[in-house]
Amino acid sequence: MEALLFDLDGVLYQGDRVIDGAVQTLRWCERRSIPHRFITNTSSKPRRALVERLSGLGLSVSPEQIIAPPIAACDYLASRGATPTALFVRDATREDFRGLECLGDTAERGARSVVIGDIGEAWDFATLNRAFRLLMAEPRPILIALGMSRYAQGDTGLVLDVAPFIKALEHAAGCEAVVMGKPAQSFFEAALRELGTAAADTAMIGDDIRGDVGAAQTAGLTGILVRTGKFRPPDLDGAVRPDAILDSVADLPRWWENHHS
Ligand SMILES: [Mg+2]
């Protein structure tokens with residue numbers, strides 16, 4: 001094993017709380033000069049805010065180390081000229097789409113792309129239906145999913161993430177979304193290109209049995225599950241068999257050193 005990919009939410013922090021041992025584990029990673037990146041499906045915040053949040057928790061990370069769906073989607077749409085784009089993201093996240101031509105917030109036609117992110121409780125019938133009408137307008141725009149996480153760990157329990165809303169729109173409009181985020185293999189491949197390592201030499205550590213562990217394994221990486229964040233014991237009863245299961249990210253250095261001795 002040569003390199004590491006860290007999920008953020010549920011692995012390094014949960015809500016406003018840093019996970020015990022996360023700071024020490026990242027320091028160990030730096031000290032051992034282990035190449036690493038952070039690969040997240042978070043679309044509720046721009047990358048700049050993720051860096052600030054991590055910094056506030058005592059975790060020093062540069063923006064370039066974070067691989068996040070909004071940045072990937074912006075690059076993808078810009079390179080294909082698939083604009084104007086209709087953004088269904090929180091206001092804060094719009095800064096990651098700066099420079100892209102965006103459609104007005106009430107338009108129901110004219111989009112070349114429709115981008116769906118985590119807008120949480122802002123979802124209502126009118127909003128979902130506007131996305132549907134945009135997708136039905138000719139010529140048909142492409143639907144972009146900012147990750148396909150099914151659910152997340154919220155402050156009061158599990159909450160719906162992006163995937164269920166994408167599924168509803170795909171079903172109604174008869175289209176298939178392009179996924180910018182986990183579990184898309186292309187997202188892991190982009191991370192490996194930045195690391196400069198092969199999949200077989202890289203481990204992914206996450207709290208999502210499917211989106212982090214299963215998807216990483218499908219891409220050829222080692223998949224490590226932590227029992228923090230959205231982890232629930234029944235996760236281990238499904239088809240995905242993690243290569244390692246750790247109580248938390250605090251146990252990563254010991255696991256790693258055991259595999260390198
Ligand atoms: Mg997570």
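Two strands count as paired if DSSP finds at least two bridges between them. The legends below describe close-up views of a predicted model.

**Figure 1. The six-stranded sheet is open and has parallel pairing.** Its strands are ordered E5-E4-E1-E12-E13-E14. At the edges stand strand E5 (66-67) and strand E14 (244-246); each has a single partner strand, so one side of each lacks a neighbour in the sheet. Strand E12 (residues 202-206) and strand E13 (residues 222-226) run parallel and are joined by four bridges. Met204 has Gly223 in E13 as its bridge partner. Helix H7 (residues 209-218) lies across E12 and E13, and its direction is at about 160° to that of E13.

**Figure 2. The four-stranded sheet is also open, and its pairing is parallel.** The strand order is E6-E7-E8-E11. Strand E6 (85-88) and strand E11 (178-179) are the edge strands, each pairing on one side only. Helix H4 (residues 125-136) packs on this sheet, where it touches E6, strand E7 (113-116) and E8. The directions of H4 and E7 make an angle of about 155°. At one edge, E6 pairs with E7 in the parallel sense through four bridges, and Thr85 stands opposite Ser113 of E7. Which residues point each way from E6? Thr85 and Leu87 point one way, Ala86 and Phe88 the other, and all are buried. At the other edge, strand E8 (residues 142-145) is linked to E11 by two bridges, the two strands running parallel. Ala145 has Val179 in E11 as its bridge partner.

**Figure 3. Helix H5 (residues 163-173) has buried residues at Ala163, Phe165, Ile166 and Leu169.** Viewed down the axis of H5, these buried residues fall within an arc of 160°, so they line one face of the helix. An α-helix has 3.6 residues a turn, so residues three or four places apart point the same way. What covers the buried residues of H5? The cover includes E7, H4 and E8. Gly174 follows H5, and its phi is positive, near 65°.

**Figure 4. Two cis peptide bonds precede proline residues, Pro139 and Pro183.** Most residues other than glycine have a negative phi, and most peptide bonds are trans. The bond from Glu138 to Pro139 is cis, with omega near -10°. Pro139 has its place in the loop between H4 and E8. Lys182 and Pro183 are likewise joined by a cis peptide bond, with omega about 5°. The loop that holds Pro183 runs between E11 and H6.

**Figure 5. Ser33 has a positive phi, near 50°, although it is not glycine.** Ser33 sits in the loop between helix H1 (22-31) and strand E4 (36-39). Is Ser33 buried or exposed? Ser33 counts as exposed because it has 7 C-beta neighbours inside 10 Å, and a residue is exposed if that count is 12 or fewer.

**Figure 6. Asp105 is placed in the loop between E6 and E7.** Asp105 is exposed because 9 other C-beta atoms lie within 10 Å. Thr127 is 22 residues from Asp105 in sequence, and the C-alpha atoms of the two are 10.0 Å apart in space.

**Figure 7. Ala190 is found in helix H6 (residues 185-195).** How many other C-beta atoms lie within 10 Å of Ala190? There are 17, so Ala190 is partly exposed. Leaving out residues up to four places away in sequence, Ala190 touches Ile67 and Ala72. Ile67 is 123 residues from Ala190 along the chain, with 8.4 Å between the C-alpha atoms of the two.

**Figure 8. The chain is divided into domain 1 (3-41 + 184-258) and domain 2 (69-179).** The C-alpha centres of domain 1 and domain 2 are 26 Å apart. Where the domains meet, 12 residues of domain 1 are in contact with 10 residues of domain 2. Which classes of residue make up the side of domain 1 that touches domain 2? That side has three nonpolar, six polar and three charged residues.

Key
Residues are numbered from 1 along each chain as its sequence is written. This is a predicted model: local features need pLDDT of at least 70, side-chain atom pairs count only at pLDDT 80 or more; totals for chains, interfaces and linings use all residues. Two residues are in contact if their C-beta atoms, placed from the backbone, lie within 7 Å. Axes are lines fitted to C-alpha atoms, for helices over the stretch in contact, and angles run from 0 to 180 degrees between N-to-C directions. Domain bounds come from an automatic or database domain assignment. Ala, Val, Leu, Ile, Met, Phe, Trp, Tyr, Cys and Pro count as nonpolar, Asp, Glu, Lys and Arg as charged, and the others, Gly among them, as polar. A residue is buried if 20 or more other C-beta atoms lie within 10 Å of its own, exposed if 12 or fewer, and partly exposed in between; C-beta atoms are placed from the backbone. The arc is that of the directions from the helix axis to the C-beta atoms.
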